[in-house]
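Here is a short tour of a structure for you to follow alongside the sequence. Keep the view open and turn it as you read.

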Amino acid sequence: MKNFAIKYLGYTRTDKGLDFLAKFNNKYILAETKFITDFGGHQNDQFDDAIATLTSPIAENCKESIIKIAIVDGVPYIKGTNKIFRYLQKNNDSVILSALVLREYLYSL
């Protein structure tokens, strides 16, 4: 998936593979998936890894046909003062969603 994304979609994050690649309604969806079971430490690093995929640059000529998302499940959606929940609250422009709603998201494109 990573090689396809680099070669044909202008994906530039070469240090990490992709967990999800799909084509839906003439859009390519690139995603990193994470299941986060606790708060803090390594779990924050896992979440940061998913965000790095969201923020990685895409070649200018491919931007219209690519959507980057993060598929995150587990404890991040539990209301609290932890780093991950605060990030979810303040970053409304990023597409971070649960696998439970992935189908509905794809059909909304």
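## The largest pocket

A good place to begin is the largest pocket, which is lined by Leu-54, Thr-55, Ile-58, Cys-62, Lys-63, Ile-66, Ile-67, Lys-68, Tyr-87, Asp-93, Ser-94 and Val-95. Please keep in mind that this is a predicted model. The space in this pocket comes to about 150 Å³. Sorted by class, its lining holds 7 nonpolar, 2 polar and 3 charged residues.

Which elements supply the lining? Helix H2 (41–55) and strand S3 (66–74) each give at least two residues to it. The largest share, 3 residues, comes from S3.

## The sheet

Strand S3 also takes part in an open sheet of 4 strands, arranged in the order S1-S2-S3-S4 with mixed pairing. S1 and strand S4 (96–97) stand at the edges, and each has a single partner strand, so one side of each is left without a neighbour in the sheet.

At the S4 edge, S3 and S4 run parallel and are joined by 2 bridges. Here Ile-71 can be found opposite Leu-97 in S4.

## The S1–S2 hairpin

At the other edge, S1 and strand S2 (residues 27–36) run antiparallel, with 5 bridges joining them. One place to look is Ala-22, whose bridge partner in S2 is Ile-29. The hairpin of these two strands has 2 residues between them, and Asn-25 takes a positive phi near 50° there.

In a regular strand, side chains alternate between the two faces of the sheet. Strand S1 (residues 20–24) has a covered face made up of Phe-20, Ala-22 and Phe-24, while Leu-21 and Lys-23 belong to the uncovered face.

## Aromatic pairs

How many aromatic pairs does a search of the whole structure find? The search turns up 4. In one of them, the ring centres of Phe-4 and Tyr-28 are 6.1 Å apart and the planes meet at 50°, so this pair is tilted. The pair links distant parts of the chain, with Phe-4 in helix H1 (residues 2–9) and Tyr-28 in strand S2, 24 residues apart. Phe-4 is partly exposed, at a relative accessible area of 33%. Ring pairs also bring Phe-4, Tyr-8 and Tyr-28 together as a cluster.

Phe-24, already met on the covered face of S1, forms an edge-to-face pair with Tyr-107, at 5.1 Å centre to centre and with 85° between the planes. This pair, too, links distant parts of the chain: Phe-24 lies in strand S1 and Tyr-107 in helix H4 (residues 102–108), 83 residues apart. Is Tyr-107 buried or exposed? Tyr-107 is exposed, because its relative accessible area is 53% and the cut-off for exposed is over 50%.

## Asn-82 before helix H3

Our last stop is Asn-82, found in the loop between S3 and helix H3 (83–90). Asn-82 has a relative accessible area of 16%, so this residue counts as buried, the cut-off being under 20%.

What does the side chain of Asn-82 reach? One contact is with the backbone nitrogen of Ile-84, at 3.2 Å. In addition, the backbone nitrogen of Phe-85 is 2.8 Å from a polar atom of the Asn-82 side chain.

Key. Residues numbered from 1 in each chain as written. Predicted model: local features only at pLDDT ≥ 70, side-chain atom pairs only at ≥ 80, totals over all residues. Heavy atoms only, no water. 1 Å grid on protein atoms, 1.4 Å probe; cavity = no way out; pocket = protein on both sides within 12 Å on 5 of 7 lines; lining within 4 Å. Points joined across faces, edges and corners; volume = space filled by probe spheres on them. Nonpolar A, V, L, I, M, F, W, Y, C, P; charged D, E, K, R; others polar. Buried < 20%, exposed > 50% of the residue type's maximum accessible area, 1.4 Å probe, protein only. Pairing = 2+ DSSP bridges. Phe/Tyr/Trp six-rings, centres within 6.5 Å; stacked < 30°, edge-to-face > 60°. Polar contact = N/O pair within 3.5 Å; in protein donor to acceptor, adjacent residues only side chain to side chain.
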